[in-house]
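Work through the exercises below with the model open. Try each task before reading its solution.

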Amino acid sequence: MKVFIDGKYFDERNAKVSVFDHGLLYGDGVFEGIRAYNGRVFKLKEHIDRLFCSAKAILLTLPMAHAELMRATVETCRRNKIRHGYIRLVVTRGVGTLGLNPNRCKSPSVIIIADKIQLYPKEMYQRGMEIVTVPTTRTLHSALNPAIKSLNYLNNILAKIEANNAGCEEAIMLNAEGFVAECTGDNLFIVKAGKLFTPPLSAGALYGITRGTVMDIAREEGHEVSEPSLTRYDLFNADECFLTGTGAEIIPVTKIDGRVIGDGKPGAVTRKLEHQYHALTKVSGEPIYA
Ligand code: PXG
């Protein structure tokens, strides 16, 4: 595997960063996770847009322009002969000194890894997954805004550990007010009487690219989509529930905190959206091998 670091390509074993990089020392940086399907990078522009937004929010000036970063991402896929894969873009504050001061960091580092994807177990897509609400709440947007895809994912990791301790793969994270925010690496949707509902960004959700794509598809299919505040009660009494994410795509949820959702099987609307989403991944995206 060839890893892109600051304009050069390194073999996997030589792809290293300094122990003085503030990405490592403080989680000071931002990242993106992108999928490639059939030799195309799916929603590349949207992911690079979000990377720039995350960087802006933490006052990190990317050392590469938008178009340059798009080209480097595609080139990294090409060099790794990727047709189907997962791309991790990481931007760190760069090498600095011990001490928080980001001004001591000379220049941000850009890393691009193009690899294989790890999904949830296949039977979860077929039968639906069971998830639980965990004690760790999503960070306040006044503290560390969950819209920033930062290298500081401890909030999500703690929630993931709590879900795993409860025997589940995923966690529902509430915000400090007790409203549903999202899962640890996925956004959450419910379906009720043919209408889709997903928490608003202000509830502590990431502006998910898959979330946006699913909202577009659902509207095209004639479903109303809205973003109200949602409580656990709303989830328990939904007809259907599913999660969205670049890695997970669309995964049905059939049990929440011991409550069976709908008839306990992945719902018809979820299945239709999954079908349409997969169809879209097959025909769109930035070509790797032009
Ligand atoms: N919420 C959070 C907190 C995320 O990190 C999503 C929702 C879904 O967003 P997209 O744009 O992918 O539809 C994410 C992003 C991984 C991994 O390695 C995946 C994500 C984050 C971190 C790691 O699987 N998903």
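The exercises cover a strand and its partners, salt bridges and a pocket, all in a predicted model.

**Exercise 1. Strand 13**

Task: Decide whether strand 13 is enclosed or open, and find which strands pair with strand 13.

Solution:
- Start with burial. The cut-off for a buried residue is under 20% relative accessible area. In strand 13, residues 240-245, 6 of the 6 residues are buried, so the strand is largely enclosed by the rest of the structure.
- Check each face. One side carries Glu240, Phe242 and Thr244, and the other carries Cys241, Leu243 and Gly245. Both faces are covered.
- Take the strand 10 partner. Strand 10 (residues 187-192) runs antiparallel to strand 13, and 5 bridges join them. Within strand 13, Cys241 stands opposite Ile190.
- Take the strand 14 partner. Strand 14 (residues 249-256) also pairs with strand 13 over 5 bridges, in the antiparallel sense. Gly245 has Glu249 of strand 14 as its bridge partner.
- Look at the connection. Strands 13 and 14 form a hairpin, with 3 residues between them.

**Exercise 2. Salt bridges**

Task: Place the salt bridges of Lys45, Arg138 and Glu170 in the fold, and state how buried the residues of each pair are.

Solution:
- Begin with the total. The whole structure holds 13 salt bridges.
- Pair Lys45 with Asp49. Their closest N and O atoms are 2.7 Å apart. Both residues sit in helix 2 (residues 44-57), 4 residues apart, which is about one turn of the helix.
- Read the accessibility of this pair. Lys45 has 47% relative accessibility and counts as partly exposed. Asp49, with a relative accessible area of 27%, is partly exposed.
- Pair Arg138 with Glu182. The closest N and O atoms are 2.7 Å apart. This pair links distant parts of the chain, 44 residues apart. Arg138 lies in the loop between strand 7 (129-133) and helix 5 (154-165), and Glu182 lies in strand 9 (residues 180-182). Both Arg138 and Glu182 are buried.
- Pair Glu170 with Lys160. Their side chains meet in a salt bridge at 3.5 Å, N to O. Glu170 belongs to strand 8 (residues 170-174) and Lys160 to helix 5, so the pair ties together parts that are 10 residues apart in sequence.
- Compare the two ends. Glu170 is buried, at 1% relative accessibility. Lys160 is partly exposed, with a relative accessible area of 27%.
- Add a network. Salt bridges link Glu75, Arg78 and Arg79.

**Exercise 3. The largest pocket**

Task: Describe the largest pocket by its volume, its lining residues and the domains that supply them.

Solution:
- Recall the idea. Rolling a probe the size of a water molecule over the atoms shows where empty space is left.
- State the volume. The largest pocket has about 910 Å³.
- Find the centre. There are 37 lining residues, and the closest to the centre of the pocket are Tyr86, Arg88, Gly185, Asp186 and Gly247.
- Trace the elements. Strand 3 (29-37), strand 5 (85-92), helix 5, helix 6 (209-220) and strand 13 each give at least two residues to the lining.
- Sort by class. The lining has 13 nonpolar, 13 polar and 11 charged residues.
- Assign the domains. Domain 1 (2-115) and domain 2 (122-282) each contribute at least three residues to the lining of the largest pocket.
- Link back to the opening exercise. Strand 13, which supplies part of this lining, is the strand that forms a hairpin with strand 14.

Definitions and conventions. Residues numbered from 1 in each chain as written. Predicted model: local features only at pLDDT ≥ 70, side-chain atom pairs only at ≥ 80, totals over all residues. Heavy atoms only, no water. Buried < 20%, exposed > 50% of the residue type's maximum accessible area, 1.4 Å probe, protein only. Pairing = 2+ DSSP bridges. Salt bridge = Lys/Arg side-chain N within 4 Å of Asp/Glu carboxyl O. 1 Å grid on protein atoms, 1.4 Å probe; cavity = no way out; pocket = protein on both sides within 12 Å on 5 of 7 lines; lining within 4 Å. Points joined across faces, edges and corners; volume = space filled by probe spheres on them. Nonpolar A, V, L, I, M, F, W, Y, C, P; charged D, E, K, R; others polar. Domains from an automatic or database assignment.
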